[in-house]
Structures are given as structure tokens and as C-alpha cells.
Amino acid sequence: MLRIKTQIALFVLGLWIIMLVYSKFVLANSMILILFLGYFNYYNEAGKFSLSFNKEPFKNIFDFKKNLPFAAITLFFFIYVFSFWQNDGDLSYYFERLRIKLPFLALPIAFLGIPKFSKKQFHRLLIFFVGFMLLNSIGVLGNYLLNHEAVQKMMLIGKSMPTPCNHIRFSILIALSILAALYLLIEKVDQWRIPKGAYMGTALFLFLFIHILSVRTGLVCLYFALGVCSIAYVLKTKKYLLLVGIFALLAGFPFVTYKTVPSFKQKIDYMLYDHQQYSEGKGGVYSNSGRITSMKVGWDQFIENPVFGVGIGNLERNTKNIYAEEYPSYSKALVPHSQFIFTLAATGIFGFVFFMIAFLVPFFFKAAYRDLFFLGFYGVFFIAFILEHTIENAIGIGTFLLFLLVMLRRRGMDDR
């Protein structure tokens, strides 16, 4: 019966991956299906269908010796709960934040009610993810080639290349798929008769594609993760000359791309123009200027309320007031475009400490960082947390929790 439950869970996780790109509504339903699988037993000892409540995950969450990372992840939810006493007036934004963060409470517990995934099952899930993102990238690239002039005009005014979902979330998924393809290559995964050269070819194609896509967040996340993973791999294998080659590639490829890929050149030129406008105080309608200003406004709120922050329920209103007073030319008041600054502004040092505990405990618990994909995953999200309020939306939370919880529930990771 465990085998059946595992197979159903893998199917739902595959659906979850698809819906990260195509539907937030179905993504939410995928999460609900995982909750059902974790919270309920639906076969009795005789192998017949019999629905009953599963108490085990609720017991296991308190077994800190084995499952501390799962308990730590729930702190992402509780730091906002503890901010309730700070609410001043309208509670709508506060409850909106709690609703969005609810998966951080419900899903870690649910995963403890799902059988552990074998190494082979984990690899198959990664193969599916890489293949799925490869197909999506081919579709996006094909649309770009067919509508080259129209897309270039869009990018000339700061717009992004059309993607099936938000371009920033999509670029992060592409970055993760590149890391996954390289991981499968290094691990010498031999499943479904896929030749090892296919992993390298896919990684190279996606690496080129993410430069054509030219979303800066995904690119910076990827380069940082590749750098960190390369150092770890070389220290393990003692292939020091390889590190020189990798860093030469990472250092030189952006310059070659700038000279040869129109979309990449357009994005860099626009970024430089945007920065110039911000320096001249004219950045009200530009993306980079808005991002930098949002971080500055968030940081100022933290400095004024360093211990507990302004309270998550008050953050949006306070931000709008500051924009109205200090940045009236800006078309939109943006909450801090950095998960770290967002957390500091909303919950202060108190909340930020618990945020970092939630973020770092899974990384260090039983040296999980020794796994290259785990290390690369954290590299991507560390940079993403600097540049974006990544886990303040459904797709960001879905991406973060999917890979983190699957890796933690993988045999060999939590049994080290």
C-alpha cells in the first residue's frame, strides 16, 4: 500500500511541476491533494479501501532529532502570526499574507505522512522537471523567433519576452532545471535509456536559452549557484583545473552574449539607461528604479522599527503613505522587492532571526548542503531572496516548497 501511495504522490508532484507554469488554481489543488495524501490513510491492513485520519505526521513533526527541518519551515508562517498584535486598523492585508503563507504550515506536516522517495524516484522527478522546462523553453524561443521584431520592440521599453507564467518565476525555474540537468549528468543517472550526453546537451541549450530570455533575476541566481556548486564539486574531486575553466566560462560568456544575442544586449542597455534615470531622479516609471526604491523604502521602515518591524498587516499601507509623501512621481507604491528586506521591514530583527532559522536549518541539518542539487537550490533562492520577495506569492512558494520538501523527504537525505 505504501508503494501505491508513493506512486500517487509522485503523480501529484508531477502535476504540481506543470502547474507552476500554467495554473495557480490547479497548483493550489495539487497542494491540497498532497495534504490529503499526508493527512489520511485510505487502505486498511487487509489492503481494502478505508479512509481514516493519519496521526503520524503530526507526531513526527515534533521528532526534532529526525525531522527538525520540517518543523523549522513552519516558522515562515508563524513569524507572521506573531505580528498580529501590531495591526493598526484594517486587517485585510494581514490575513492575505497569512493565507498565502499557509502552505508553510500545512505542507511540511503533510510530507511527513507520505512515504520517503527513493533515489531513483527522485531522479525521475528531476528528469520530468528538466524535460518539461525544455519543452517550455522551446515554445518560448519559437515564439520569439517567429515574432522577433515585435518582441525586440517590447524589450526596448523594458518589457520582457512573453513566457507562460511570470517571467521572473519562469527564469528561476529555468535556472533550477539547468542545475538539475547537470546534477543528473554528474550523478550518472541511467534511467529510461536516456544517454548521458542528453543531460549535457539539455543543460547547454537551457543555458543559452536563459541568456536569450534575459531575465536578470534568473541569470544572477544561476551564475551564483553554478559558482558555488563548482567550488564544492572541485573541492570534492580535486579537479582544480576544471574550476578555472568553469569560472572563465562564467566570466566570459555574458560578454560574448552581449555582442551576439540581441535580446540580451537590449536588456543590458535598458538596465543601464534605467539606472541613469534613477541617478537623475527620473525613475518613477522604470522597473529597476522601482525595485531599488522599494528596497530603500522597506529599509527605512526597518531602521525606524528595528526590533519588531512595522507589522506585516501595516506594511502595505505604510509603504503607500511613504510613496505619496516622498515619491509622488512613482506610478505605483511597491512593497520591498527583497524577501530579506520585506521580512525586516514587516517583523524586524525578531522576525528576521526566525526567518533565517527557517531558511538555514534545512540547509545545515545533517550536512544536507553536501548534495550538489540541494546546494544549488539554496544558491538560487539565496540570491532570489535578495532580489525579489520570492515567497510572497503562490508560484514562488510552490517552487520553493516543492523542491525543498521533496529533497528533505528523499531517502538518504534525512537518514544521513
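**Two loop residues and one helix residue**

Student: Between which two helices is the loop that holds Arg193?
Tutor: The model is predicted, local features need pLDDT of at least 70, side-chain atom pairs count only at pLDDT 80 or more, and totals for chains, interfaces and linings use all residues. Residues are numbered from 1 along each chain as its sequence is written, and side-chain values use heavy atoms, without hydrogens and water. Helices here are DSSP runs (H or I, at least four residues), numbered from the N terminus. The loop with Arg193 lies between α10 and α11.

Student: Is Arg193 buried or exposed?
Tutor: Buried means under 20% relative accessible area, exposed over 50%, and partly exposed in between (1.4 Å probe, protein chains only). Arg193 has a relative accessible area of 82%, so this residue is exposed.

Student: What is the phi of Arg193?
Tutor: Arg193 is not a glycine, yet its phi is positive. The value is about 55°.

Student: What is the relative accessibility of Lys188?
Tutor: Lys188 is found in the loop between α10 (167-186) and α11 (196-213). Lys188 is not a glycine either, and has a positive phi of about 55°. Lys188 counts as exposed because its relative accessibility is 61%.

Student: Why does Asn67 count as buried?
Tutor: Asn67 belongs to helix α4, residues 64-73. Asn67 counts as buried because its relative accessibility is 7%.

Student: Which residues does Asn67 contact, leaving aside neighbours within four places in sequence?
Tutor: Contact means heavy atoms within 4.5 Å. With those sequence neighbours of Asn67 set aside, its contacts are Asn60 and Leu112.
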